[in-house]
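Please read the points below as a colleague's note, set out so that each can be checked against the model by eye.

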Amino acid sequence: MIFIIFLSYSTFYMVYSQDGQYFGVTDNMKILVDQNSVLDTLTADSILICSHRCQLHSECKNANYMAETGECQLLVEIDDRDINQQSEDAEGFIKLTKFQCSSDSSEDTESSSSNGITKTDDKVSFTSEITPENGKLLGSFPKQTKSWKIEMDIKVLSTGTSTSTNILRMVEKESGSLLNNPGLMLHKSSPDVMLKLATDGQPNKSLGKVATLKLNQFVHLSIKVERDLIKTNHHKLTVHVDFVQSFERIHSHAETYVDVELYFSSGSSKAANVVVKNFVFENLGE
């Protein structure tokens with residue numbers, strides 16, 4: 001996620017994101033909260049990461065960030081009539097408020113929502129906690145573009161199996177089991193994440209270990225394929241855990257796949273014993 005900061009001489013400025021959202025930011029101020037207004041309390045290394053966490057959560061409309069401790073408090077929308085959700089001066093705190101950029105263009109592709117899962121032709125997302133089940137379909141897409149991303153908060157509940165277990169798999173309807181783009185698995189009795197990808201002319205190539213998760217603790221996992229800025233005819237895969245890069249690979253044969261399905265997990269493998277929330281898969285174009 002790329003952010004651009006515009007600073008002014010006052011204590012109020014804005015943080016922009018690429019998804020048509022921006023954050024109003026006020027230094028030395030926080031929002032007073034009650035038990036019903038706090039969605040989650042996280043640790044973030046910077047205000048950018050805190051705003052990114054809020055952006056990923058569809059219910060998050062505000063956040064309190066304490067720079068000294070890195071505490072990032074995700075909050076619901078402020079009701080001005082509720083005295084418990086008003087702002088107050090607080091040295092060292094930063095108040096963030098999420099806004100959506102308006103647009104004069106035509107509406108985006110119509111979205112649908114079922115069981116808390118929101119879908120369009122290019123994106124599927126959910127915020128509540130969901131566990132993988134064999135053959136659980138998250139969404140169908142007319143195509144998967146060469147560039148795409150997956151974001152999620154994931155917690156490993158247990159390991160200890162003798163075979164690898166599946167978290168996520170993108171398949172092409174016609175070829176079925178021939179495609180893994182991606183195929184995401186836990187490696188046997190470890191919290192190591194193994195990745196398969198359609199690359200180098202192979203629709204089902206194993207890239208081995210790309211990340212290590214934590215047992216009984218949520219971490220943020222990000223997987224992104226995008227056009228490389230230096231080798232413009234190549235694409236770059238990056239994997240991040242809690243916003244720290246754990247894997248990178250440049251490849252030259254990214255493909256666009258038509259009529260694909262995203263499973264959580266696939267029907268051919270045992271489902272991983274994990275829980276996932278704040279999930280997003282999104283096409284990013286060529």
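How many of the 10 residues of strand E12 (residues 147-156) are buried?

1. Strand E12 is mostly covered, with 9 of its 10 residues buried, where buried means under 20% relative accessible area, exposed over 50% and partly exposed in between, taken with a 1.4 Å probe and protein chains only. Strand labels (E, at least two residues) and helix labels (H or I, at least four residues) follow DSSP runs numbered from the N terminus. E12 pairs with E21 in the antiparallel sense over 9 bridges, and with E17, again in the antiparallel sense, over 7 bridges; two strands are said to pair if DSSP finds at least two bridges between them. Within these pairings, Lys-149 has Glu-282 of E21 as its bridge partner, whereas Glu-151 stands opposite Ser-222 in E17.

2. On provenance, this is a predicted model, in which local features need pLDDT of at least 70 and side-chain atom pairs count only at pLDDT 80 or more, while totals for chains, interfaces and linings use all residues. Residues are numbered from 1 along each chain as its sequence is written, and side-chain values use heavy atoms, with hydrogens and water left out.

3. For the overall picture, the protein has 1 helix and 21 strands, and buried residues make up 45% of its 286 residues. Of the contacts between residues at least 6 apart in sequence, 63% join residues at least 24 apart, a contact being heavy atoms within 4.5 Å. The accessible surface comes to about 14,200 Å², of which 46% belongs to carbon and sulfur atoms; these areas come from the Shrake-Rupley method with a 1.4 Å probe, and for residues only the protein chains shown count as cover.

4. An open sheet of 6 strands runs in the order E11-E20-E13-E14-E15-E16, with antiparallel pairing. Strand E11 (137-144) and strand E16 (202-212) stand at its edges with a single partner strand each, so one side of each is left without a neighbour in the sheet. Neighbouring strands of this sheet are turned by 20° against each other on average, direction ignored, the axes being lines fitted to C-alpha atoms. At the E16 edge, 7 bridges join this strand to the antiparallel strand E15 (residues 192-199), and Asp-192 has Thr-212 in E16 as its bridge partner.

5. Strand E5 (residues 62-66) deserves a separate look, because 5 of its 5 residues are buried and it is thus largely enclosed by the rest of the structure. In a regular strand the side chains alternate between the two faces of the sheet. In E5, Asn-62, Asn-64 and Met-66 point one way and Ala-63 and Tyr-65 the other way. E5 pairs with strand E6 (residues 71-75) in the antiparallel sense over 5 bridges, one bridge partner of E5 residues being Glu-71 for Met-66. The two strands form a hairpin with 4 residues between them, and Gly-70 in the turn has a positive phi of about 80°.

6. There are 5 aromatic pairs, counted where ring centres of Phe, Tyr or Trp (its six-membered ring) lie within 6.5 Å, with planes under 30 degrees apart called stacked, over 60 edge-to-face and the rest tilted. Phe-264 and Phe-279 form a tilted pair, at 6.4 Å centre to centre and 45° between the planes. This pair links distant parts of the chain, 15 residues apart, with Phe-264 in the loop between strand E20 (257-263) and strand E21 (274-285) and Phe-279 in E21. Both residues are buried, and ring pairs link them with Phe-126 into a cluster.

7. Phe-218 lies in the loop between E16 and strand E17 (219-227) and is partly exposed, with a relative accessible area of 23%. Beyond its neighbours within four places in sequence, Phe-218 is in contact with residues including Glu-129, Asp-153 and Lys-277. Lys-277 lies over the face of Phe-218, at 4.3 Å from the ring centre, the rule being NZ of Lys or CZ of Arg within 6 Å of the centre and within 35 degrees of the ring normal. Lys-30 lies over the face of Phe-93, at 4.8 Å from the ring centre.

8. Finally, Ala-272, in the loop between E20 and E21, is buried, with a relative accessible area of 4%. Ala-272 and Ser-164 are 108 residues apart in sequence and 8.1 Å apart in space, C-alpha to C-alpha.

Methods. Axes fitted to C-alpha atoms, helices over the stretch in contact; angles between N-to-C directions.
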